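Let's take a walk through this model, from the overall fold down to a few single residues. Keep the 3D view open as you read.

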Amino acid sequence: MNTKNSSVKIFLAIVSLIITFFVWQQGLKESLNRPSVSFDISQKEFEISELAMPAVPENLKIFFPNSVRKEMKNSLSKISFSELTERSRLIWIILQNPEKQIDQSYFNRFDNPIYLNISQNLYKSYLSKSYKPSIKIISDLKNDKYLFNLVSDKFNFNKDEIITNSLAKFMFFKLIIIRTIPLLSILVGTLLVIKSLWRIIKLKKINWADYEPLNLNALDMILLVSGGFVVLGEVVSPLISITLVELFSKNFSYEITQSLRIFLGYLFMALPPLYIIYKQIKFTDKQFSLEKDYFQFRIKPIKESIYQGFKGWIMIIPFVLLTSLIMNLIVKNQAGSNPLLEIVLNTNNYFAFILLFLTTTLIAPLFEEIIFRGVLLPVFARDFGKVFGIFISSFVFALAHLSLNEFPPLFILGIGLAATRLISGRLSSSVIMHSFWNGLTFLNLFLLRT
């Protein structure tokens with residue numbers, strides 16, 4: 001019986017590994033065709049800077065470009081017009097010199113009726129300098145402050161009711177937060193790293209906490225990651241979640257549909273590997289009890305879990321940002337950003353925001369930490385030692401995100417999460433650390449909206 005079970009497990013593991021190889025190979029290849037969100041982020045910073053300029057103190061204006069619009073124009077000109085979003089295309093047209101020859105087809109390349117209407121009026125003004133449209137064309141842009149400001153200036157509309165001093169102060173405040181939080185995090189994180197390294201040098205050792213790996217082997221890990229996470233979670237489950245969204249979201253907006261697809265996609269992706277873990281525990285322990293802390297969450301005392309999670313988060317920030325900076329210097333025009341980032345950056349629906357927030361700061365950290373730091377890391381640390389266990393689990397963690405250019409920073413983040421897990425002895429600490437990381441990214445994207 002045992003021989004038969006082992007044969008079946010080996011067969012399933014081999015099949016799963018083969019499928020995983022092709023799925024991940026294709027995913028990594030496709031990531032090179034996904035645009036990078038870094039361009040959109042830089043554009044948003046230009047927008048906020050321009051809207052904030054009336055509130056910027058004179059002595060601080062030296063830190064801003066002499067002409068934000070010129071910088072925006074130069075940035076947009078580096079991208080092919082066809083590759084720009086419709087909103088960026090409209091901005092590109094508005095910022096062009098009136099004497100510049102622009103092909104008529106450029107003014108027609110819009111599906112959004114609001115943008116198309118404005119573009120058509122821009123074309124009329126391009127043909128006749130005396131043409132001035134009705135102010136009604138900007139009535140639908142009041143929620144898009146930057147475009148409202150641009151179009152109003154283009155046609156000399158009165159914009160005082162929307163583009164106010166209070167708006168400029170608000171944008172300046174957002175800009176301070178956007179630029180200050182990373183700098184403070186790097187400073188505090190670097191100091192904590194130096195302090196921790198000094199302590200390790202003095203003690204000549206790392207104070208690892210006790211951990212209890214599940215009674216699983218390498219074959220079980222393959223079945224969990226390849227079979228549960230990839231084959232069932234990334235290949236089969238999306239078919240169910242996408243079908244459900246299509247059935248129930250016919251009358252929903254595009255933004256809500258997209259956020260529901262991501263929210264349900266994560267939920268359904270999590271179920272197969274979690275069920276496999278449940279069966280593996282039940283097979284080895286002959287039972288499964290909710291009262292037993294199989295993954296050493298050890299959430300109490302909660303203050304200690306939060307402290308360890310926050311400490312790990314702020315200490316890993318300098319390393320991840322440095323790795324990202326090096327990647328930007330080595331690889332120009334990086335591709336492969338997580339599509340979720342672009343959705344968060346551009347959505348204006350608050351229900352969609354709540355779903356995306358729950359996905360990024362609760363569901364994703366909890367699910368990923370159970371898999372990578374709750375199961376894989378302790379087993380790898382037991383079989384290969386703590387250091388190799390950290391590196392192997394971090395490698396699989398980064399690879400599973402299917403983004404070739406984002407692999408190095410994700411690998412460094414994985415090392416930080418794994419080290420926090422083993423040093424604190426609490427899975428809850430790495431879950432909280434993961435939530436902090438995703439939450440900071442979410443907050444940054446939220447603040448960049450104009």
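Helices here are DSSP runs of H or I that span at least four residues, numbered from the N terminus. By that count, Ile91 lies in helix α4, and we'll come back to Ile91 further down. One thing to keep in mind throughout: this is a predicted model.

## The overall picture

What does the chain have in the way of helices and strands? There are 15 helices and zero strands. The C-alpha atoms fill a box of roughly 85 × 55 × 40 Å along the principal axes.

Of the 450 residues in the chain, 47% are buried. Take the contacts with a separation of 6 or more, and 75% of them come from residues 24 or more positions apart.

## The main core and α12

In soluble globular proteins, nonpolar side chains tend to be buried together. Here the largest nonpolar core has 110 residues, and the ones that touch the most other members are Ile277, Phe295 and Leu376. Helix α12 (residues 350-384) gives the largest share of this core, with 13 residues. Apart from its neighbours within four places in sequence, Leu376 is in contact with Met221, Leu224, Val225, Ile371 and Val396. There's also a second, separate core of six residues, and Tyr211, Ala381, Ile390 and Ala418 are among them.

Why call α12 largely enclosed by the rest of the structure? Because 25 of its 35 residues are buried. The helix isn't straight, either: α12 bends by about 40 degrees at Thr359. Right after α12 comes Gly385, with a positive phi near 95 degrees.

## Where α13 meets α14

Ser394 sits in helix α13 (residues 386-399), and Gly414 lies in helix α14. Ser394 is at 0% relative accessibility, so it counts as buried. Gly414 is also buried, because its relative accessibility is 0%.

Which residues does Ser394 touch, leaving aside neighbours within four places in sequence? They are Phe411, Gly414, Ile415 and Ala418. Seen from the other side, and with the same neighbours left out, Gly414 is in contact with Arg373, Ser394 and Phe397. Ala418, one of the contacts of Ser394, is also in that second, separate core. As for His434, it is 20 residues from Gly414 in sequence and 9.4 Å away in space, C-alpha to C-alpha.

## The second largest pocket

This pocket has a volume of about 1,200 Å³. Of the 38 residues that line it, Lys44, Glu255, Asn346, Thr347 and Asn348 are the closest to its centre. The elements that give two or more residues to the lining are α2 (37-52), α3 (68-77), α4 (86-95), α5 (113-127), α7 (165-203), α9 (254-285), α11 (339-346) and α15 (427-447). By class, the lining breaks down into 15 nonpolar, 11 polar and 12 charged residues.

## Back to Ile91

Is Ile91 buried or exposed? With a relative accessible area of 2%, Ile91 is under the 20% cut-off, so it counts as buried. Its contacts, once neighbours within four places in sequence are set aside, are Glu47, Met72, Leu76, Tyr146, Leu147 and Leu150. Glu255, one of the residues closest to the centre of the pocket, is 164 residues from Ile91 in sequence and 22 Å from it in space, C-alpha to C-alpha.

## Backbone oddities

Most residues other than glycine have a negative phi, and most peptide bonds are trans. So which spots are worth a look here?

Start with Asn156, in the loop between α6 (145-155) and α7. Asn156 has a positive phi of about 60 degrees although it is not a glycine. At 63% relative accessibility, it counts as exposed. Leu402 also has a positive phi without being a glycine, near 50 degrees. Leu402 is in the loop between α13 and α14 (407-424), and its 16% relative accessibility makes it buried.

Last comes a cis peptide bond, from Lys300 to Pro301, with omega near -5 degrees. Pro301 is in the loop between α9 and α10 (302-330).

Notes. Residues are numbered from 1 along each chain as its sequence is written. This is a predicted model: local features need pLDDT of at least 70, side-chain atom pairs count only at pLDDT 80 or more; totals for chains, interfaces and linings use all residues. Side-chain values use heavy atoms; hydrogens and water are left out. On a 1 Å grid over the protein atoms alone, a cavity is a set of points where a 1.4 Å probe fits but cannot get out, and a pocket is an open set with protein on both sides within 12 Å along at least five of seven lines; lining residues have an atom within 4 Å of a point. Grid points are joined across faces, edges and corners, and a volume is the space filled by probe spheres set on the points. Ala, Val, Leu, Ile, Met, Phe, Trp, Tyr, Cys and Pro count as nonpolar, Asp, Glu, Lys and Arg as charged, and the others, Gly among them, as polar. Buried means under 20% relative accessible area, exposed over 50%, partly exposed in between (1.4 Å probe, protein chains only). Contact means heavy atoms within 4.5 Å. A nonpolar core is a set of buried Ala, Val, Leu, Ile, Met, Phe, Trp, Tyr and Cys residues joined through side-chain atoms within 4.5 Å. The bend at a residue is the angle between axes fitted to the seven residues ending there and the seven starting there.
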